[in-house]
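Subject: Structure for your review

Dear colleague,

Please find below the structure that I am handing over to you. A summary of what was found in it follows.

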Amino acid sequence: MTGSVLVLVRHGESEWNKLFTGWKDPGLTELGRQEAHKGAKELKNRGYKFDVAFTSALSRAQTTLDIILKEIGQEDIPIFKDQALNERDYGDLTGLNKDDARKKWGEEQVHIWRRSYDVPPPGGESLELTGKRVMPYYEKEILPRVKKGENVLIAAHGNSLRSMIKELEGLSGEAIVKKELATGVPIVYTVDAEGNMTGVEILDSTTA
């Protein structure tokens, strides 16, 4: 295998699993912790070694990272935590379930907010705006490490990870909003010295 490894992991299931969570900070459920352990075992079985890890300022991502690093025996690597990697801010939708949101704004409007790339909910971020927060941090702090040969692990959130995946895979806004990311499942990218993706593998033995 040539180039660096960049592994992205969406945090395990949180206590607000059925709600618009955004920047609120619920912890992991027991299932969420199990998902993190399962993802860690997938990495451990393949012998991945990391030089550095990144996560958000939210505990559900940090706990997922902690579980993974402990499981693979790499708790001593540097860890950087930054709100630039936080989940999309859902604004006025935060704390509501999808049914409550539909009752307040209508099914069509809520669908647009959830599934469009560039339409934000009131007081919140679209996926496009999330990317404008995530990508400068990625390009300044993460990508240079990957380019110089370091193996990097990132535990974050569905939409902050989508912003990176959009760039790595060269996807359109329309395509990235349709991409589903399973909780706790590592996505392994191989990346060359120019920062270009040369391969990708989803480590989920249950779908093999």
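Helices and strands are here DSSP runs, with at least four residues for a helix (H or I) and at least two for a strand (E), numbered from the N terminus. On this basis the protein chain of this predicted model has seven helices and six strands. Their order along the sequence is β-α-β-α-β-α-α-α-β-α-α-β-β. The radius of gyration of the protein chain is 17 Å, close to the 17 Å that the globule rule gives for 208 residues, so the chain is as compact as a globular protein of that length.

The C-alpha trace of the protein chain spans about 50 × 35 × 30 Å along its principal axes. Among contacts with a separation of 6 or more, 73% are between residues 24 or more positions apart.

As to burial and surface, 49% of the 208 residues count as buried. The protein chain exposes about 9900 Å², of which carbon and sulfur atoms supply 46%. It carries 29 positive and 33 negative charges, and the mean positions of the two sets are 2 Å apart.

One residue may serve as a local example. Thr 29 lies in the loop between β1 (4-10) and α1 (30-45). Thr 29 counts as buried because its relative accessibility is 19%, and buried means under 20%. Leaving aside residues up to four places away in sequence, Thr 29 touches Glu 13, Ser 14 and Glu 15. With Glu 13 there is also a polar contact of 2.7 Å between the side chains.

Yours sincerely

Definitions and conventions. Residues numbered from 1 in each chain as written. Predicted model: local features only at pLDDT ≥ 70, side-chain atom pairs only at ≥ 80, totals over all residues. Heavy atoms only, no water. Buried < 20%, exposed > 50% of the residue type's maximum accessible area, 1.4 Å probe, protein only. Polar contact = N/O pair within 3.5 Å; in protein donor to acceptor, adjacent residues only side chain to side chain. Contact = heavy atoms within 4.5 Å. Rg over C-alpha atoms; globule rule 2.2 N^0.38 Å. Areas by Shrake-Rupley, 256 points an atom, 1.4 Å probe, with all protein chains shown as cover. Lys, Arg positive; Asp, Glu negative; His and termini not counted. Charge placed at Lys NZ, Arg CZ, Asp CG, Glu CD.
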